[in-house]
Amino acid sequence: ENPSPLRLSQRLANDSSPYGHLFRDWNSELQHIMHLPIITEQDRIRKAKLLFELHSSFVRVAEKIGKLIVEERNLPPEERTIPPQTQNDGGEGSKMGVAGGTKYIASGCFIKFQDDANGLYGGDEYAMKAASEELRAMKTIHEVVDGEDSLCLPLAAMLDYRGYRLLVTSILPLGSNTIRYGSNDG
């Protein structure tokens, strides 16, 4: 009998990587802030300040992780501080999908190193452009559904470092009952 598969967020929270102890549930923090009531102008200012502080912290962590991933990109996977999660061998990492490049997980962040490792985009340059469009789509959705409680978007940051691009998002609690559009495999 096969055990039921854990949701991605549960697998990540149980991660035994070097950064597993630094797991931060960015999404829970974001959703808590997003659901704070705004009754007065002080409430609006407080909420905006909390969002700014959370996103600033997220970007700082994303930058540190992203730089490390780029700097170690030529090392064998087993020697990297943060090993890639995407494997083309059908193993656990391959369940994260092949679009979006090589995937990494650290400190509650889901990182997509925008390369064309699987030949989907016609080159790394186009993989990087796809990441830009993904971020642009998230911004547009956020603007359109601002205040809508039924749709939650992740924190996101785009990093360009040494000629490489990484898209970093907070880990979402994805499952078959939470997806409205797309897939839960990254």
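This passage describes the sheet, the helices packed on it, the nonpolar cores and selected polar pairs of one predicted model.

The model contains an open sheet of 4 strands. Their order is β1-β2-β4-β3, and the pairing is antiparallel. β1 and β3 are the edge strands, each pairing on one side only. On average, neighbouring strands are turned by 20° against each other, direction ignored. β3 and β4 are joined in the antiparallel sense over 6 bridges. Within the sheet, M158 stands opposite L167 in β4.

Two helices contact this sheet. α3 lies across β1, β2, β3 and β4. The direction of α3 runs at about 35° to β3. α4 also packs on the sheet, where it touches β2, β3 and β4. The direction of α4 makes about 30° with that of β4.

In soluble globular proteins, nonpolar side chains tend to be buried together. In this model, the largest nonpolar core holds 23 residues. I69 and I111 touch the most other members of that core. Six elements each supply at least two of its residues: α2 (26-34), α3, β1, β2 (109-113), β3 and β4. The largest share, 7 residues, comes from α3. A second, separate core has 5 residues, among them A131, L135, M138 and A156.

The contacts of I111 show how parts of the chain meet around one core residue. Leaving aside residues up to four places away in sequence, I111 touches I65 and I69. The list also includes T102, K103, Y104, I105 and A106. L166, L167 and V168 complete the set.

Two of these partners, T102 and K103, were examined further. T102 lies in strand β1, which spans residues 102-106. T102 has a relative accessible area of 14%, so the residue is buried. The side chain of T102 makes a polar contact with the side chain of D115, at 3.0 Å. T102 and L166 are 64 residues apart along the chain, yet their C-alpha atoms are separated by 9.5 Å. K103 is likewise found in strand β1. K103 has a relative accessible area of 0% and therefore counts as buried. The side chain of K103 reaches the backbone oxygen of G101 at 3.1 Å.

A search of the whole structure finds 8 salt bridges. Three of them are described here, beginning with a pair in α3. The side chains of E53 and K49 meet at 4.0 Å, N to O. Both residues lie in helix α3 (residues 41-71). They are 4 residues apart, about one turn of the helix. K49 has a relative accessibility of 52% and so counts as exposed. E53, at 38%, counts as partly exposed, because the exposed class begins over 50%.

A salt bridge in α4 has a related arrangement. E133 pairs with R136, and the closest N and O atoms are 2.9 Å apart. Both residues belong to helix α4 (residues 124-144). They are 3 residues apart, about one turn of the helix. E133 is partly exposed, with a relative accessible area of 43%. R136 is also partly exposed, at 49% relative accessibility.

A further salt bridge links a helix to a loop. The side chains of R162 and E71 meet at 3.8 Å, N to O. R162 lies in the loop between β3 (156-161) and β4 (164-170), whereas E71 is in helix α3, so the pair ties together parts that are 91 residues apart in sequence. R162 counts as exposed, at 55% relative accessibility. E71 is partly exposed, with a relative accessible area of 41%.

α3 thus recurs in several of these results. It lies across the four strands β1, β2, β3 and β4. It supplies the largest share of the 23-residue core. It also holds both E53 and K49, and it contains E71, the partner of R162.

Note on methods. Residues are numbered from 1 along each chain as its sequence is written. This is a predicted model: local features need pLDDT of at least 70, side-chain atom pairs count only at pLDDT 80 or more; totals for chains, interfaces and linings use all residues. Side-chain values use heavy atoms; hydrogens and water are left out. Buried means under 20% relative accessible area, exposed over 50%, partly exposed in between (1.4 Å probe, protein chains only). A polar contact is a pair of N or O atoms within 3.5 Å; within protein, one must be able to donate a hydrogen and the other to accept it, and residues adjacent in sequence count only if both atoms are side-chain atoms. A nonpolar core is a set of buried Ala, Val, Leu, Ile, Met, Phe, Trp, Tyr and Cys residues joined through side-chain atoms within 4.5 Å. Contact means heavy atoms within 4.5 Å. Two strands pair if DSSP finds at least two bridges between them. Axes are lines fitted to C-alpha atoms, for helices over the stretch in contact, and angles run from 0 to 180 degrees between N-to-C directions.
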